[in-house]
Amino acid sequence: MYKVFVKDIAVIVTSDRDLFPDHDAFNLKTVNFKKLIKAIKKNKVERPLLYSKNEDKLLKRLHKKIPLVLAAGGLVKNQKGEYLFIHRNGKWDLPKGKTEKNESMEATALREVEEETGVENLSINNYIGPTYHVFSRNNKYRLKLTHWYAMTTDYTGQLVPQDKEGIDQAVWLNDEQARESLEQSYANIKDVFLND
């Protein structure tokens, strides 16, 4: 099972639709995904579910429906146990970004965290998992698959938010502050934080 976030609505992608009897089910093979996205955004579908009987083909079929963008990011903790957050477009977020050609997911995550916040001396502890969300560029929908990594750093220098990416703040937040900031964040970011 996977979740694809459209706004803050989780589209369940599964091979076992019986586990979600209260959801509006759509066949992954035949659904017009762009129309479904528009219906979700207009609040016409509240509990969407995409299903395919063959679990092995779930991701392959999903990736055929909408162009895929690969990205990676980090949930970073410093030596005080504080979490690194960025603020952009009026929401709290975690640093992440698009993968460059021939770049590994781990290298992308490390590079993007450093570029977006100025944090150095990063090390990856473990892989948290993937998230999916739909976004729009030039009136065309894209599916972003972001691979998330738990990271640590001993960096104590100044944080530098990356202006050209629209980031207006990069800050360290303690556990309580981080949980409060999630109220003004994205559903997929909440998943990353809570699944760490």
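Helices are DSSP runs of H or I spanning at least four residues, numbered from the N terminus.

**Figure 1. Overall view of the predicted model of the protein chain.** The secondary structure of this predicted chain consists of five helices and 11 strands. Along the principal axes, the C-alpha atoms occupy a box of roughly 50 × 35 × 35 Å. The radius of gyration is 18 Å, which agrees with the value near 16 Å for a compact globule of 196 residues. Of the 196 residues, 48% count as buried. Nine salt bridges are found in the whole structure, and several of them are treated in the views below.

**Figure 2. Close-up of the salt bridge between Glu 115 and Arg 111 in helix α3.** The side chains of Glu 115 and Arg 111 meet with an N to O distance of 3.2 Å. The two residues are four positions apart in helix α3, which covers residues 105-117, and are therefore separated by about one helical turn. Glu 115 counts as partly exposed because its relative accessibility is 38%. Arg 111, by contrast, has a relative accessible area of 16% and is therefore buried, since the limit for a buried residue is under 20%.

**Figure 3. Close-up of the salt bridge between Glu 103 and Arg 111.** Arg 111 also pairs with Glu 103, and the closest N and O atoms of this pair are 2.8 Å apart. Both Glu 103 and Arg 111 are buried.

**Figure 4. Close-up of the salt bridge between Asp 175 and Arg 179 in helix α4, with the charged network for reference.** The closest N and O atoms of Asp 175 and Arg 179 lie 3.1 Å apart. Both residues belong to helix α4 (residues 175-181), where they are four residues apart, about one turn of the helix. Asp 175 has a relative accessibility of 33% and so counts as partly exposed. Arg 179 is likewise partly exposed, with a relative accessible area of 43%. Elsewhere in the chain, salt bridges that share partners link Glu 100, Glu 103, Arg 111, Glu 112 and Glu 115 into one network. The pairs of Arg 111 with Glu 103 and with Glu 115 were shown in the preceding views.

**Figure 5. Close-up of a negative surface patch.** The patch is formed by Asp 16, Asp 18, Glu 55 and Asp 56. Among these residues, Asp 56 lies in the loop between strand β4 (48-51) and helix α2 (58-65). The relative accessible area of Asp 56 is 74%, so this residue is exposed.

**Figure 6. Close-up of Asn 43, a residue other than glycine with positive phi.** The phi angle of Asn 43 is near 60°. Asn 43 is located in the loop between helix α1 (33-41) and strand β4. This residue counts as exposed because its relative accessibility is 52%, the limit for an exposed residue being over 50%.

**Figure 7. Close-up of Asn 139, a residue other than glycine with positive phi.** For Asn 139, phi is near 60°. The loop that holds Asn 139 runs between strand β9 (122-137) and strand β10 (140-153). With a relative accessibility of 79%, Asn 139 counts as exposed.

Definitions and conventions. Residues numbered from 1 in each chain as written. Predicted model: local features only at pLDDT ≥ 70, side-chain atom pairs only at ≥ 80, totals over all residues. Heavy atoms only, no water. Patch = residues over 30% accessible without salt bridge, like charges linked within 9 Å, V, L, I, M, F, W, Y side chains within 5 Å. Areas by Shrake-Rupley, 256 points an atom, 1.4 Å probe, with all protein chains shown as cover. Salt bridge = Lys/Arg side-chain N within 4 Å of Asp/Glu carboxyl O. Lys, Arg positive; Asp, Glu negative; His and termini not counted. Charge placed at Lys NZ, Arg CZ, Asp CG, Glu CD. Buried < 20%, exposed > 50% of the residue type's maximum accessible area, 1.4 Å probe, protein only. Rg over C-alpha atoms; globule rule 2.2 N^0.38 Å.
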